[in-house]
Amino acid sequence: MAKQWGERQAEEDGMTSLPIDLHAIATMKGRNIIVEPSGDTGPGVSAMLLRSGNNFGIFYSTAIANIGFQRFSIAHELGHYFLEGHIDQIPFDEGGFHSSKAGFFSTDIYEKQADSFASGLLMPSRLFLRALNQHVDGLAGVKALAGLCETSLTATAIRYAELTEAASAVIVSTGQTVDFACLSSAMKDYSDIIWLRRGDQLPRNTLTANFNAEHDRFNENELVDETDLRLWLTGTRSREVIEEVIGLGAYGKTLTIVTCMDTAADGEDEEEEDALIDSWTPRFR
Ligand SMILES: [Zn+2]
């Protein structure tokens, strides 16, 4: 719901092209929300929402020099401003500040909702899909979309997994541990796979596991390999996939995009095909 709310907000505020103009949204219609960078939000804090009576301000951290992440942090605070109940429920300190840790890692329900709102606001499905259809699947497409939306690679990759028609898995990891994994709906349709979850160990012998073990994760190195989906998500059927890995720089995390190369011949179609082949086979014995 929070994500749809973000999308609706972008539409109501007349956003018809990418990137979404957050400063316009913050200041239009008498909102007058001040949005300013701050070098001093505290460790791990992405942004703060200041409340003084009915006046609001957003101070976003510049500790991570990534425009996409900064914009996500601003959109997250706008989520607290717009989403029903947030202003009354989220904690404010004595100075009137609420501190946020945006970026899909918090387990707090209000923080998660604000992240979802930010995703919907910055990447409304209609605008995002239109752009998605003009790009290739996988990391190259995600990079292009991140440039267009002015969003971080991670946030864009998650949105991509939600909206792409390709059978795709997006995994963010630290060391040998999965931070989170998002599967596209075409990937979820494979009934024989086992979904990865937060806290799982990375599957051994994957390019990502080796990358995280060997490379300096704080460099934005990039690797690509062809492999079998079974290596990642087990399953009974062999499926050829492309595994693309990129270090996320200052975060010390790694983004992986696994894309099935052949989606048409899967699921029931393939079972039918197998049955058909079986039914023909005796003729040639
Ligand atoms: Zn927050």
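## Two asparagines with positive phi

Asn-205 has a relative accessibility of 60%, over the 50% cut-off, and therefore counts as exposed. The model described here is a predicted one. Asn-205 sits in the loop that runs between α9 (185–188) and α10 (207–214). Its phi is positive, about 70°, although the residue is not a glycine.

Asn-32 also has a positive phi without being a glycine, at about 50°. This residue belongs to the loop between α2 and β1. Because its relative accessibility is 54%, Asn-32 counts as exposed. Most residues other than glycine have a negative phi, and most peptide bonds are trans. An exception of the second kind is the peptide bond from Leu-18 to Pro-19, which is cis, with omega near 0°. Pro-19 lies in the loop between α1 (2–12) and α2 (22–27).

## Overall composition

The protein contains 12 helices and nine strands. Of its 285 residues, 50% count as buried. The accessible surface amounts to about 14,100 Å², and carbon and sulfur atoms account for 49% of that area.

Contacts can also be sorted by separation along the chain. Taking those between residues at least 6 apart in sequence, 60% join residues that are at least 24 apart.

## The zinc site

Which residues coordinate the zinc ion? The donors come from His-76 (NE2), His-80 (NE2), Ser-100 (OG) and Glu-111, the last of which is listed with OE twice. The distances run from 2.0 to 2.4 Å. Along the chain the donors are spaced as H-x3-H-x19-S-x10-E.

Both histidines are in helix α3 (residues 67–82), where His-76 and His-80 are four residues apart, about one turn of the helix. An α-helix has 3.6 residues a turn, so residues three or four places apart point the same way. Are the two histidines buried or exposed? His-76 has 0% relative accessibility and so counts as buried. His-80 is likewise at 0% and therefore counts as buried.

## The four-stranded sheet

Four strands make up an open sheet with mixed pairing, in the order β1-β3-β2-β4. The edges are β1 (34–38) and β4 (97–100); each has a single partner strand, so one side of each has no neighbour in the sheet. On average, neighbouring strands are turned by 20° against each other, direction ignored.

Within this sheet, β2 (residues 47–52) and β3 (residues 55–61) are antiparallel and are paired over six bridges. Ala-47 stands opposite Tyr-60 in β3. Helix α3, which carries the two zinc-binding histidines, lies across β1, β2, β3 and β4 and runs at about 155° to β3.

## The five-stranded sheet

A second open sheet has five strands in the order β6-β5-β9-β8-β7, with antiparallel pairing. Its edge strands are β6 (177–183) and β7, each of which pairs on one side only. Neighbouring strands here are turned by 20° against each other on average, direction ignored.

Strands β8 and β9 run antiparallel and are joined by seven bridges. Ile-246 stands opposite Leu-255 in β9. Helix α7 (residues 139–149) packs on the sheet and touches β7, β8 and β9, with its direction at about 45° to that of β8. Helix α8 (residues 153–163) also packs on the sheet, touching β5, β6, β8 and β9, and its direction makes about 150° with that of β5.

## Ser-173 and helix α10

Ser-173 is part of strand β5 (residues 168–174). With 0% relative accessibility, Ser-173 counts as buried because the limit for that class is under 20%. What does Ser-173 contact, leaving aside its neighbours within four places in sequence? The residues are Val-178, Asp-179, Leu-202, Thr-208, Asn-212, Lys-253 and Thr-254. The side chains of Ser-173 and Asn-212 are joined by a polar contact of 3.0 Å. Arg-198 is 25 residues from Ser-173 in sequence, and the two are 9.1 Å apart in space, C-alpha to C-alpha.

Two of these contacts, Thr-208 and Asn-212, are among the buried residues of α10, which also include Leu-207, Ala-209 and Phe-211. The elements that cover the buried residues of α10 include β5, β7 (222–228), α11 (229–233), β8 (240–247) and β9 (254–260).

Conventions: Residues are numbered from 1 along each chain as its sequence is written. This is a predicted model: local features need pLDDT of at least 70, side-chain atom pairs count only at pLDDT 80 or more; totals for chains, interfaces and linings use all residues. Side-chain values use heavy atoms; hydrogens and water are left out. Donors are N, O and S atoms within 2.8 Å of the metal (3.2 Å for Na, K and Ca); water is not among the atoms, so sites may look incomplete. Buried means under 20% relative accessible area, exposed over 50%, partly exposed in between (1.4 Å probe, protein chains only). Two strands pair if DSSP finds at least two bridges between them. Axes are lines fitted to C-alpha atoms, for helices over the stretch in contact, and angles run from 0 to 180 degrees between N-to-C directions. Contact means heavy atoms within 4.5 Å. A polar contact is a pair of N or O atoms within 3.5 Å; within protein, one must be able to donate a hydrogen and the other to accept it, and residues adjacent in sequence count only if both atoms are side-chain atoms. Accessible areas come from the Shrake-Rupley method with a 1.4 Å probe; for residues, only the protein chains shown count as cover.
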